[in-house]
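User: Please take a close look at the sheet in this model, and then follow its strands to whatever else they touch.

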Amino acid sequence: MTEMAPVTDASTAAPAPAPKQMVLPDAQTVTDVQHYTDRLFSFRTTRPASLRFRSGEFVMIGLMGDPDPKTGKQKPLLRAYSIASPSWDDELEFYSIKVQDGPLTSRLQHIQPGDQIILRPKPVGTLVHDALLPGKRIWFFATGTGFAPFASLLRDPQTYEDYDEIIITHTCREVGELTYGADLIESIRGDEMLAELMGEGFHEKLRYYPTTTREESPKMGRITDLMRSGEVFEDLGVAPLCPENDRAMICGNLAFNLELKDMLEEYGLEEGANSDPKQYVVEKAFLD
Ligand code: A2P
């Protein structure tokens with residue numbers, strides 16, 4: 001058993017910015033935190049040198065739970081989080097909901113740069129390019145924090161190598177909930193490294209289709225309804241999905257995932273897996 005490092009008293013701490021002691025198992029240090037709304041925030045952490053992952057995968061992350069009142073023992077409180085950063089990034093990024101009485105996110109929302117989180121370095125997931133057969137166009141369908149795995153995939157050069165067109169739809173209740181995704185799309189369009197790798201104009205392949213359901217915005221409605229009515233296809237000037245050309249990844253709340261999965265099956269697409277690549281893959285957003 002490892003001995004816990006003594007807690008440093010801030011008043012006697014040396015002024016030099018010494019890194020904090022790694023007292024948590026699989027500890028990583030928070031490097032940046034951004035808050036978007038009272039329900040959403042993102043943060044970045046150091047990345048374990050040994051961690052390899054495919055863009056779109058998730059890991060278990062969390063904090064140490066409260067001590068057991070009887071034994072005083074603490075257990076890690078972990079949840080699955082999609083890695084929002086691309087596989088080439090030196091750091092890791094996560095995009096999270098804040099649930100005021102959620103066991104983990106009620107605390108996680110207060111993390112600051114320099115704090116530590118627990119990160120189990122065992123990435124897994126189905127939202128990976130390997131689970132899809134080659135196609136012409138890929139659709140990323142997200143609601144809420146389900147945008148996270150696509151934030152990774154949209155920064156992965158393979159996405160632009162494999163497809164002629166990439167359409168990301170993001171449905172949220174309110175306009176402020178679109179900010180993380182909208183900022184990311186804008187930063188990709190101006191990303192010099194991706195432009196160098198993929199060629200100038202790579203971002204012209206990328207189409208962004210944000211919608212809101214409970215606050216006025218330029219495009220209102222659930223993406224599922226906009227697909228049924230044909231509006232999304234008219235707006236984007238593309239044909240409805242077909243198994244020959246279109247590939248899709250789904251990540252959002254459970255009802256959304258199930259509804260869209262049924263719709264994709266109706267378009268003739270079949271669900272793929274790492275071991276059996278097909279035309280679409282689905283994952284649920286991991287809520288507290
Ligand atoms: P709505 O406002 O009509 O419920 P949440 O924040 O609850 O996870 O929802 C995120 C977004 O997903 C909301 O805009 C919500 O729309 C939408 N949504 C929820 N369920 C579905 C579904 N079954 N199909 C399509 N969109 C959905």
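Analyst: In this predicted model, six strands form an open sheet in the order 4-3-6-1-2-5, and their pairing is antiparallel. The edges are formed by strand 4 (76-82) and strand 5 (92-97), each of which pairs on one side only, and the twist from one strand to the next averages 35°. At the edge held by strand 4, the partner is strand 3 (residues 58-64), and these two strands run antiparallel to each other over seven bridges; one of the residue pairs joined there is Gly62 with Leu78, the latter lying in strand 4.

The opposite edge leads on to a helix. Strand 5 is among the elements that cover the buried residues of helix 4, and the cover also includes strand 1 (27-37), strand 2 (40-45), helix 2 (148-153), strand 8 and strand 9 (206-212). The residues in question are Tyr180, Gly181 and Leu184, which are the buried ones of helix 4 (residues 179-189); viewed down the helix axis they fall within an arc of 95°, and therefore they line one face of helix 4.

Strand 8, part of that cover, also takes us to the ligand, because strand 8 (165-172) and helix 8 (254-266) each supply at least two residues of the surrounding shell. Helix 8 gives the most, with three residues. The ligand is surrounded by 14 residues, the closest being Thr143, Thr213, Arg222, Asn253 and Ala255, and by class the shell comprises three nonpolar, seven polar and four charged residues.

Conventions
Residues numbered from 1 in each chain as written. Predicted model: local features only at pLDDT ≥ 70, side-chain atom pairs only at ≥ 80, totals over all residues. Pairing = 2+ DSSP bridges. Helix = DSSP H or I, 4+ residues; strand = E, 2+ residues; numbered from the N terminus. Axes fitted to C-alpha atoms, helices over the stretch in contact; angles between N-to-C directions. Near = placed C-beta within 6 Å. Nonpolar A, V, L, I, M, F, W, Y, C, P; charged D, E, K, R; others polar. Buried ≥ 20, exposed ≤ 12 C-beta atoms within 10 Å, placed from the backbone. Arc of directions from axis to C-beta. Contact = placed C-beta atoms within 7 Å.
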